[in-house]
Amino acid sequence: MRKVLLLLGLPILAAAQYQSNLRITWIEPGSGETLPAVDEIENYLGKLGVIQSSGPVDTAGHPFFTPLGTNGRACVNCHQPAYGMSVSAESLRDRWHATGGKDPVFAAFDGSNCPDLPQDQEKSHSLLLNRGLFRIPLPWPPRNADGSQKPVEFSIEVVRDPTGCNLSPKYGLKSANPTVSVYRRPRPAANLKYVISGGQNIVLKTGMLADRDPETGRPVSMNLMSDAREPSLLTQAMSAIMGHEEASKAPSGKQLEGIVAFESQVYAAQVEHVFAGPLIDRDGPFGLGPAALRDRKAGVLGDNDFDPVFGLFDSWKGKDYYRASIARGADIFMFRQFWLRDATHINSIGLGNPLKRTCATCHNAQMTGQDLSAGWVDVGTNNYPTWTEPDTWAESAELPVFKITCQKAADPHPYLGRVIYTTDPGRALISGRCVDVGSIVMQQLRGLAARAPYFANGSAKNLRELVDFYDRRFDMKLSEMEKDDLANFLGAL
Amino acid sequence: MRLAACALVLTAVTVLVAQERSFLACPIVRDTKTVPCFLAEYDGELYFLGIQQDITADFHPPQLKHEVLVEGRVKDGPRVCGGIPLAPVSVSVIKEVNPGCNTLLPAEPGIEAPPAARGAGPASHRLREPAPASESLKGPQEFTVLYQFNDDYVEFASIGTVRRAAGYAMKIGASAVKVMGYRGTTVLSNGERLVEKDGLAEKRAQDIATLLRGSAVTGVTADWKKEPEPGDGKTDPSRRRVTITVIP
């Protein structure tokens with residue numbers, strides 16, 4: 001079979017054929033099952049390994065698996081072990097068809113394009129079903145923790161509103177509670193010791209104080225969410241229950257602690273490649289599989305050739321075709337130099353523009369490929385002209401477009417100036433700063449095969465499309481084979 | 001004889017002044033086999049500013065899509081990357097976008113960057129940590145945070161300075177920590193004067209005070225000089241600053 005696929009020259013596309021043979025792995029809230037300490041779950045590229053490092057988890061009555069709000073949702077609705085503790089768009093489409101759209105994951109509040117749309121129609125949930133995007137309603141202007149308004153450096157107008165939510169009299173920017181609706185993928189609730197590590201008092205990229213954990217008073221990593229709006233796992237859980245689960249009363253401290261304790265012990269990563277076989281190899285790279293994530297230290301810089309992000313793949317070179325491909329992809333990730341250009345919070349922090357470096361310059365945190373520094377970056381997915389979306393007038397356009405106009409006294413966006421068109425202002429909706437427009441916190445690169453599509457806006461349907469974006473955006477000049485190698489490498493993480 | 005002596009002095013002054021370069025220009029990026037060089041052209045001559053390094057380096061390169069304010073002194077010696085080297089040199093990225101600043105030159109045989117502590121690939125050694133608080137410091141101490149022109153961004157090296165000031169204040173149980181903000185004037189080589197924007201001295205001082213208070217330093221007060229510091233075309237970068245005075 002493998003020889004046939006190689007002859008056809010379709011190594012990645014062929015792997016997608018395996019999708020139809022997957023077992024049903026969706027966990028419903030309140031189902032009461034027990035999660036094994038070690039599990040392996042099939043996906044189209046092989047198997048995802050999931051480790052509960054504190055042992056088997058009885059989900060009965062567990063706050064992560066129990067609806068705590070009014071819409072029937074629990075945390076697990078959007079953070080499923082089988083999907084890398086996130087959800088894939090394909091799994092959501094399966095749920096739609098299996099439940100006739102009644103699964104609480106499709107709750108009107110944020111599981112539809114806008115709550116005032118007819119909820120029984122599939123098209124009202126198109127962003128979730130097609131791109132795995134949940135609606136994130138954010139107050140405008142942004143608020144401090146005490147509810148006071150933050151100062152802002154720009155005005156925001158709605159240019160295009162295919163979901164209708166940003167112009168909605170009830171939910172929109174000009175409603176009684178002015179709100180900006182953006183649409184984002186849920187981040188994996190696994191491997192979190194890496195995500196929350198590395199809090200420094202002063203953030204390198206801004207030269208400003210980091211947010212603090214309200215419980216401990218210590219500075220936080222600000223790498224937890226796509227816009228770093230919640231400082232800790234506990235505040236994120238509280239926010240998610242009051243928002244995504246539409247709770248009418250706050251969860252108890254014990255429930256929050258239970259959620260945080262569960263999230264803090266889950267590790268997920270690919271363990272088997274459909275063609276390369278088992279990925280955990282005594283002589284192979286140290287970084288693969290969930291056990292390595294469980295056992296290794298967080299907060300280690302991997303942008304180096306002596307202790308690299310996911311280890312060295314040299315022992316896989318020149319052997320099995322797919323292992324060799326993964327190894328070549330790892331080399332591209334670590335060592336292939338290209339011009340990083342016009343990326344806010346990379347080029348703009350003293351490194352120069354352009355910067356001749358590699359993927360690992362930004363994806364530098366060992367084991368996850370996040371940024372060890374508070375990691376919001378405008379890589380270009382959200383802002384015109386490099387955004388991932390079609391032209392604004394195209395009928396296929398799915399995301400809203402906002403026009404941002406920076407005040408004269410403010411520093412402009414470093415590469416787009418004072419007027420920016422964006423599908424998601426990103427961190428700027430929290431910071432109120434022009435320089436942050438379009439910037440999104442880098443996310444971890446683990447369990448990718450289980451949780452397509454990619455980017456915070458779900459624009460890359462598969463890993464090859466993700467690689468294609470970077471190749472175009474930074475003119476990496478990758479050959480077709482190199483693009484496949486890089487995609488195969490990412491799929492092995 | 002007196003006339004000759006005067007002429008000699010004048011010549012020396014002229015030469016001294018002629019060594020200073022202060023100008024606005026689009027940066028030019030020159031690729032090499034290793035790391036890129038950053039250059040800028042002024043008055044028909046090409047100047048070498050520095051090479052791509054790491055965030056911990058003293059030199060932070062300029063940015064395409066932006067003009068750069070170059071303030072430096074001509075250094076004796078051969079050209080580097082095709083340009084006359086300036087050292088010391090200060091570069092300030094002008095905030096407004098200028099799409100015309102977009103010159104990226106390919107590597108050419110015979111044009112090589114000077115040795116770099118870090119190449120364009122992954123690092124081959126550990127990052128240099130900011131210098132720790134000096135154990136030998138005693139008594140009142142002044143720490144200085146420097147800025148790019150018209151900027152309030154606290155760069156990597158300056159974060160280290162704030163940390164050292166905070167560490168010293170905590171160590172001695174400072175009775176007061178006085179923060180003083182300034183904005184500057186730059187005198188360009190063509191005689192034009194550039195003055196940093198109103199309010200910048202206050203913003204710089206308040207930001208540094210916030211960082212110190214957020215680092216658990218007590219007794220922090222912030223003040224600022226509203227009027228810009230004078231410029232002389234030689235030492236202007238040193239006056240775009242905040243001073244932190246730690247008093248036992």
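What is the handedness of the crossing of α13(A) and α14(A)? The crossing is right-handed, and the points below set this helix pair beside the other elements of what is a predicted model.

1. On confidence, the model scores ipTM 0.91 and pTM 0.92. For chain B the mean pLDDT is 91, with 89% of the residues reaching 70 or more. Residues 1-17 of chain B, however, have a pLDDT below 50, and this stretch makes 0 contacts in the model beyond near neighbours in sequence. I would keep that stretch apart from the rest of the description.

2. Helix α13 (residues 463-473) and helix α14 (residues 480-491), both of chain A, have axes that come within 9 Å and cross at roughly 125 degrees. An angle in that range is neither roughly perpendicular, which covers 65 to 115 degrees, nor roughly antiparallel, which needs over 145, and the two helices are therefore oblique to each other. From α13(A) the contact takes L463(A), R464(A), V467(A), D468(A) and D471(A), which meet K483(A), L486(A), A487(A), L490(A) and G491(A) of α14(A). By class, the residues of this contact divide into 5 nonpolar, 1 polar and 4 charged.

3. Helix α14(A) also packs against α10(A), here at an angle of about 95 degrees and with the axes 7 Å apart, which makes α10(A) roughly perpendicular to α14(A). On the α10(A) side the contact is built from Y322(A), S325(A), I326(A), R328(A), G329(A), A330(A), I332(A) and F333(A), while α14(A) contributes E482(A), D484(A), D485(A), L486(A), N488(A) and F489(A). The class count for this contact is 7 nonpolar, 3 polar and 4 charged residues. L486(A) deserves a remark, since this residue is listed in the contact with α13(A) and again in the contact with α10(A).

4. Between the chains, 31 residues of chain A are in contact with 32 residues of chain B. Helix α10 (321-335) and strand β13 (355-357) of chain A each supply at least two residues of the side that touches chain B, and the largest share of that side, 3 residues, comes from β13(A). The residues on this side of chain A divide into 15 nonpolar, 10 polar and 6 charged. Helix α10(A) thus appears both in the side facing chain B and in the packing with α14(A).

5. Chain A contains an open sheet of 3 strands, in the order β6-β15-β16, with antiparallel pairing. Strands β6 (154-160) and β16 (419-422) stand at its edges, and because each has a single partner strand, one side of each is left without a neighbour in the sheet. Neighbouring strands are turned by 20 degrees against each other on average, direction ignored. Strand β15 (residues 401-406) pairs with β16(A) in the antiparallel sense over 4 bridges, and K403(A) stands opposite Y421(A) of β16(A).

6. Chain B contains an open sheet of 7 strands, ordered β1-β5-β6-β4-β3-β2-β7, in which the pairing is mixed. The edges are held by β1 (20-25) and β7 (103-105), each with a single partner strand, so one side of each is left without a neighbour in the sheet. On average, neighbouring strands here are turned by 35 degrees against each other, direction ignored. Within this chain, strand β3 (residues 37-42) and strand β4 (residues 45-51) pair in the antiparallel sense over 6 bridges, and E41(B) has L46(B) in β4(B) as its bridge partner.

Definitions and conventions. Residues are numbered from 1 along each chain as its sequence is written. Chains are lettered from A and ligands numbered from 1 in the order in which they are written. This is a predicted model: local features need pLDDT of at least 70, side-chain atom pairs count only at pLDDT 80 or more; totals for chains, interfaces and linings use all residues. Two strands pair if DSSP finds at least two bridges between them. Axes are lines fitted to C-alpha atoms, for helices over the stretch in contact, and angles run from 0 to 180 degrees between N-to-C directions. Angles under 35 degrees count as roughly parallel, over 145 as roughly antiparallel, 65 to 115 as roughly perpendicular and the rest as oblique. A crossing is left-handed if the near helix is turned anticlockwise from the far one by less than a right angle, and right-handed if clockwise. Two residues are in contact if their C-beta atoms, placed from the backbone, lie within 7 Å. Ala, Val, Leu, Ile, Met, Phe, Trp, Tyr, Cys and Pro count as nonpolar, Asp, Glu, Lys and Arg as charged, and the others, Gly among them, as polar. pLDDT is the predictor's confidence in each residue, from 0 to 100.
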